[in-house]
Amino acid sequence: MPFALLLSVALAAMLIVIAHPASAGALTIRSAKATTPGWSTTQIEVSAASDSPITKITARLRLFDRDEPFATAEDFALVSGTATDGVWRTSQQVPLELGLIDIGVDATDASGATVTKAVAIRLDRRGNTRFSEFTISPSTVDIDHDTVTYAGRLVYKDGDGNDVGVPGATICLNLNGACVGYGKAGSDGRFSTPVRLYIRADDTNMINGDAYASYEGSSQYFWADSTRSPLKVRTQLTRLSIGFSSLPTVIGTTVQVTGRLERKKADGQWTGAAGQDVRIYAWDPDTQKETDFGKTRTRSDGSYSKSVVVPQAGQWFADFSPYLKRNGAVVLGPYAPSNELFDDVVYSYYRTSFSRFTMSPSPAGKGAQITANAVLTKRTATGAALPVTTSYVDLEFSKDKKHWTWAGQGRPGANGQVKIRATAVSSGYWRLHYFGWARELASVGGTAYATVKYRTAVSGFNAKPEPVRKGKTITVSGTLKYRTSTWHALGRKNVNIYFQAHGSKSWSYVGTAATDRYGRWHKGFKARKDGTWMAKYAGNVTYLAASSVKDYVDVR
């Protein structure tokens, strides 16, 4: 417990008066005092009163922080007043010790009553202390020479005026008002204590300031401060390097930022600065925005590394700012600040990709239009997909996925949609190719296979006669053709014929007709119901399917 707190508790205790049985109501200890307080002895006077004659006065002297008395005085004699109201004094000098002395008094009267005043008086005989000597060595420190020795002597004046050492005193070794260590005084009051100053990543006590010793006092001695001695910190220059595990050219990828923080020692040699925080940040000239990646701590050799996700950036920096905290205040530690820019401007680019790529229709008619659909996006550092709306996208075709030819071109829409039309020439593979633009990287999408066949048609379709009598023959006929640059007859193929009765929603297969060498075909059916006739060619690996027009026949 601090000495000042102990003293306040003791002052409250001085108010306690203890009454002992018998009729002690009228027995009172009014006051007590030291009449001749010298350095080593004094006489004690007590003023008391009672209804009955006071027969005995006793004084007990103890040090403030002790329970047992070091002296007891019982040789009190009445020196003024009467035995029921008077002043009593010790006949002999009472011995005193060094420190705060509490004197308790007991009074007993003829009735047998006794009253105790636990602390009737307090004498302050603490020694007046001072530091007769104080030095620090060395007076200049740096990170390689971080130990300071505080030396001195704590003394007090005795009764003869001589300096006497304060033995066993705990000495606070101060730097700018904060204890950086503690020393213990020897039997002669001397102390010599080395203190190792420290520097951490966010805190240090190695700062320029006043060094001194202080003693907070005790129940025997007053407090004291020594003289001030300036302590100077020799600041060391620092330098930084910065590099990468791989160049940060693709936004959203992860790279290691690496480097080393070094300090220049007093002998001029450079060495690693361990346990310090280096801040990493990037700057983008296009957006004028900074990305702060926070701090990383250097290893024992001064090297550092930090894993970062690449943003849109062009310049990369490492920064060492050695402003630390000491007792809540910002201070400059034993290092000078440094900042390093990566030598080259390294622009980062967005990775692009296609999604939802389709080619339709498939199969497609030879010579007809085929359409590519997809969405083109770019990936940000957070993983979000943003639409690409700039530049052009090429549509490419290959029969073997090795040799690609240009087939068409288009621009992405507002949401990155890509829609490109081309002419279907033959079956094969299709892909989209984006060549990049500004801060967007080129990309090639996946492939889609589309089948191309000859287009076909059923022309001249007719069901006759119409109207027709029930039970008579209906003849269904037409011509099957296929197209290259012009239309040609498609012979020796089967055409399926379907009928839908009037009022029905379903079609029924009723027969098959074969085409001749000119693609012509016909087939007869017995007329039974009103209804609609239609012909279909199913197609094959070479030809697309085709359907005729519909023809209604009235049966009467």
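The legends below describe several close-up views of a predicted model.

**View 1. The surroundings of R263 in strand β24**. In this predicted model, R263 is placed in strand β24, which covers residues 254–264. With a relative accessible area of 10%, R263 is buried, because that value falls under 20%. Its side chain takes part in a polar contact of 2.9 Å with the side chain of D144, and a polar contact with the side chain of Q236 is found at 3.0 Å. When neighbours within four places in sequence are left aside, the residues in contact with R263 include I143, L237, T238, W270 and Y335, along with D144 and Q236.

**View 2. The surroundings of R431 in strand β40**. R431 belongs to the strand made of residues 428–434, and with a relative accessibility of 18% this arginine counts as buried. The side chains of R431 and E396 are joined by a polar contact of 2.6 Å. Residues up to four places away in sequence are not counted in the list of residues that R431 touches, among them F357, D394, L395, E396 and W404, as well as V444 and T447.

**View 3. E133 and its partner R190**. E133 is found in strand β12, which is formed by residues 129–137, and its relative accessible area of 36% makes this residue partly exposed. A polar contact of 2.8 Å links the side chain of E133 to the side chain of R190. Apart from residues up to four places away in sequence, E133 touches A151, G152, R153 and R190. Although E133 and L154 are separated by 21 residues in sequence, their C-alpha atoms are 7.6 Å apart in space.

**View 4. The open sheet β27-β26-β29-β32**. Four strands, paired in antiparallel fashion, make up this open sheet. The edge strands are β27 (289–297) and β32 (338–341), each of which pairs on one side only, and the twist from one strand to the next averages 20 degrees. Strand β26, residues 277–284, is joined to β27 by seven bridges, and the two run antiparallel. Along this pairing, A282 stands opposite T291 in β27, while D277 stands opposite R297 in β27.

**View 5. The hairpin of β26 and β27, with Q288**. Four residues lie between the two strands of this hairpin. Q288, which lies in the loop between β26 and β27, has a positive phi of about 60 degrees although this residue is not a glycine. With a relative accessible area of 52%, Q288 is exposed, because the value is over 50%.

**View 6. The largest pocket and its lining**. The volume of the largest pocket is about 160 Å³. Its lining includes A201, D202, Q276, R279 and K295, together with D319, F320, S321, P322 and Y323. D277, which stands opposite R297 in β27, is also one of the residues that line the pocket. At least two residues of the lining are supplied by each of β26, β29 (315–320) and β30 (323–326).

**View 7. The open sheet β2-β4-β8-β7**. This sheet, too, is described as open, and its four strands are paired in antiparallel fashion. β2 (28–34) and β7 (76–82) stand at the edges with a single partner strand each, so one side of each is left without a neighbour in the sheet. Neighbouring strands are turned against each other by 20 degrees on average, with direction ignored. Within the sheet, five bridges join strand β4, residues 44–49, to strand β8, residues 85–90, and these two run antiparallel. V46 stands opposite W88 in β8.

**View 8. Backbone details in three loops: P138, P361 and N176**. The peptide bond from S137 to P138 is cis, with omega near -5 degrees, and P138 is placed in the loop between β12 and β13 (140–141). A cis peptide bond also leads from S360 to P361, where omega is near -5 degrees, and P361 is placed in the loop between β33 (351–360) and β34 (364–365). N176 lies in the loop between β16 (170–175) and β17 (178–184). Although N176 is not a glycine, its phi is positive, at about 55 degrees, and a relative accessible area of 41% makes N176 partly exposed.

Definitions and conventions
Residues numbered from 1 in each chain as written. Predicted model: local features only at pLDDT ≥ 70, side-chain atom pairs only at ≥ 80, totals over all residues. Heavy atoms only, no water. Buried < 20%, exposed > 50% of the residue type's maximum accessible area, 1.4 Å probe, protein only. Polar contact = N/O pair within 3.5 Å; in protein donor to acceptor, adjacent residues only side chain to side chain. Contact = heavy atoms within 4.5 Å. Pairing = 2+ DSSP bridges. Axes fitted to C-alpha atoms, helices over the stretch in contact; angles between N-to-C directions. 1 Å grid on protein atoms, 1.4 Å probe; cavity = no way out; pocket = protein on both sides within 12 Å on 5 of 7 lines; lining within 4 Å. Points joined across faces, edges and corners; volume = space filled by probe spheres on them.
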